[in-house]
Amino acid sequence: MMFNKPRPLEVPSKLWRVDETRPETAPDGPLVMLRSILAIGSRNKGTLIACTVSGLILAGLYAHSLPPTYTATATLLLEPKQAAPSGQEFAVQQSLDLNRADSELQTIRSERLLSAVFDSVGVKNSPELRADQPSLFSRVASVLHGLFASNGTQPKSDAAKPTNTDGLDSDAERAAFLNFAKRLDARRVGQSFVIEVQYSSSDPALPARVANAVASGYIFQAVAFKEQMARAGTEALQGRLDSLSAQMESARVAMHDGSLPAIPTPDADARVIGAALAPLGPSAPRKSLITALGGVLGLLGGFGLVAVRMALDRRVRNERDLSVDCGLPCLGTIPDAPDENGIPWNVGTRHLEFVRAIHDLRTAVEIACMNLRNNRSLSVAVVSWSPGAGVTTICTGLSQLMSRSGRYITLFQNQSDEQGTDENYASPSSSLADAAFTDVSIDQISFQTVDGVAVLPIHSKDTNANLFTDFRNPRINRILEGARFKGDVILDLPPLKESMDALALAAFADAVVVVVRANETTFEEVTDAVHLLRRAGANVVGAALNKGRR
């Protein structure tokens, strides 16, 4: 008996049923992000180009404001220490290890050696070593002054400055020595016993002199130490002392001259394998690299500015903003209307895009209301949040297009929109408010026929009738049902921001379309309009983006 009772078929786990709707999955991945970035860049290309150009200009000014820097390098090779016992002519070599290499490197960086070189080379009065260096703003200002000033003022001479005291001179000398030590760099080449001594300066002749002087000073200290040790020996030979003295004097003279010793110095335990040469060109600043980096930073800053502006700018710009940010399907994008008279009988090139957009909007509304028609007429309401959104223009074009397709159309028109009061459309004796206020039937209402469309204003010219009329009254519903019995009905509702009559009338419509003006209506206004309409019982089927790009 159990086999005679059919059971519902189970859905296979690996198959999709035909009658089931597949969940919509949002595309994700790096390609989607890249497309979004390209779309944002294309939409804000003016801002990005301006920021990039600004970054290039500022970086170029900064790069040209920096003084050129020249660098020279002297190379030393550490050798095993040679110690000659007293009274013997041969030398005993001591092993050379990495610890000694690090110790000799610290000797080169020591204040004793650098201060001797600092005094011997004579750079204490160099302008680039002074403590009061110009700031970045001052350098950029000087570059702009040199570019644009025709008759620039002469800089103040040093004679105008107050005379420094001895304490300030000492502070200035210490500051110069610290700046001198910062420009000097001594490092090992990898894990070898080769030491590079490098100096940078804005004077092209100075780096080679300082680098060679440091190498000679190191040799001078090493030979001087051995000379002192030899003199301290009780059995020192005079020839050994003369050799050490000659090497020491040669190293001292070379240190003062900024060159290398003129005679070999085998007792220095180091050999110069590369003399510092005067540089042929500046090694810094790298102006092209700085300018390119400024352009990249300007571009990134432009994207940051665009991101901040997008976060603060809440205006709807395209269909994607409506669907993604507002959660409202876009039924059509309407371009700017050529005129306010609607659709001409002979559509030319001037009206072609507008008519196509109205045609697509009509089709989208028909598809959205497909389950509501069922061989009966439809009542469609069109509304916006604020005035000037183009509701009347869209309603006029939509009613004319539907009328010319063979339908009977009744247009209840709002006269407070951008078209104002038009005698061709507004009946001078009756309106929807008048009909509801006086309780007349639809057969007694005088409709104005314009281009095949029956038009009736919503509000009366009598202010009292507008104030006393209740648009939620069943009389309004009877009038709208009577008009829908004849054919389709289009309601051109007033803006929600100005009147709540739009909410009352929207509840009687089968479908409501919210008009959003591109680049003016905000996300919050669209959300508030949809929220109010749905709270009033209106069936919001989508939105129409007016004056947007198709």
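Here is a short tour of a strand, a loop residue and a cavity in a predicted model.

Residues count from 1 along each chain as its sequence is written. Local features need pLDDT of at least 70 and side-chain atom pairs 80 or more, while totals for chains, interfaces and linings use all residues, and side-chain values use heavy atoms, with hydrogens and water left out.

**Stop 1: strand S9.** Select 409–413. Helices (DSSP H or I, at least four residues) and strands (E, at least two) are numbered from the N terminus. In S9, 5 of 5 residues are buried, meaning under 20% relative accessible area with a 1.4 Å probe on protein chains only (exposed is over 50%, partly exposed in between). Side chains in a regular strand alternate between the two sheet faces. Here Ile409, Leu411 and Gln413 sit on one side, Thr410 and Phe412 on the other, and all are buried.

**Stop 2: the neighbours.** Strands pair if DSSP finds at least two bridges between them. Add S12 (488–492): it runs parallel to S9, with 4 bridges, and Phe412 partners Leu491. Then add S11 (453–457), also parallel to S9 and joined by 4 bridges; there Gln413 partners Pro457.

**Stop 3: Ser441.** Find Ser441 in the loop between helix H14 (432–438) and strand S10 (448–450). Ser441 is partly exposed, at 37% relative accessible area. Draw a C-alpha distance to Gly482: 8.7 Å, though they're 41 residues apart along the chain.

**Stop 4: the lining.** Which residues lie nearest the centre of the largest cavity? Pick Val365, Glu366, Val380, Leu398 and Met402, from a lining of 11 residues. A cavity is a set of 1 Å grid points, over the protein atoms alone, where a 1.4 Å probe fits but cannot get out; lining residues have an atom within 4 Å of a point. Helix H11 (349–368), helix H13 (391–403) and S12 each give two or more residues to that lining.

Methods: On a 1 Å grid over the protein atoms alone, a cavity is a set of points where a 1.4 Å probe fits but cannot get out, and a pocket is an open set with protein on both sides within 12 Å along at least five of seven lines; lining residues have an atom within 4 Å of a point.
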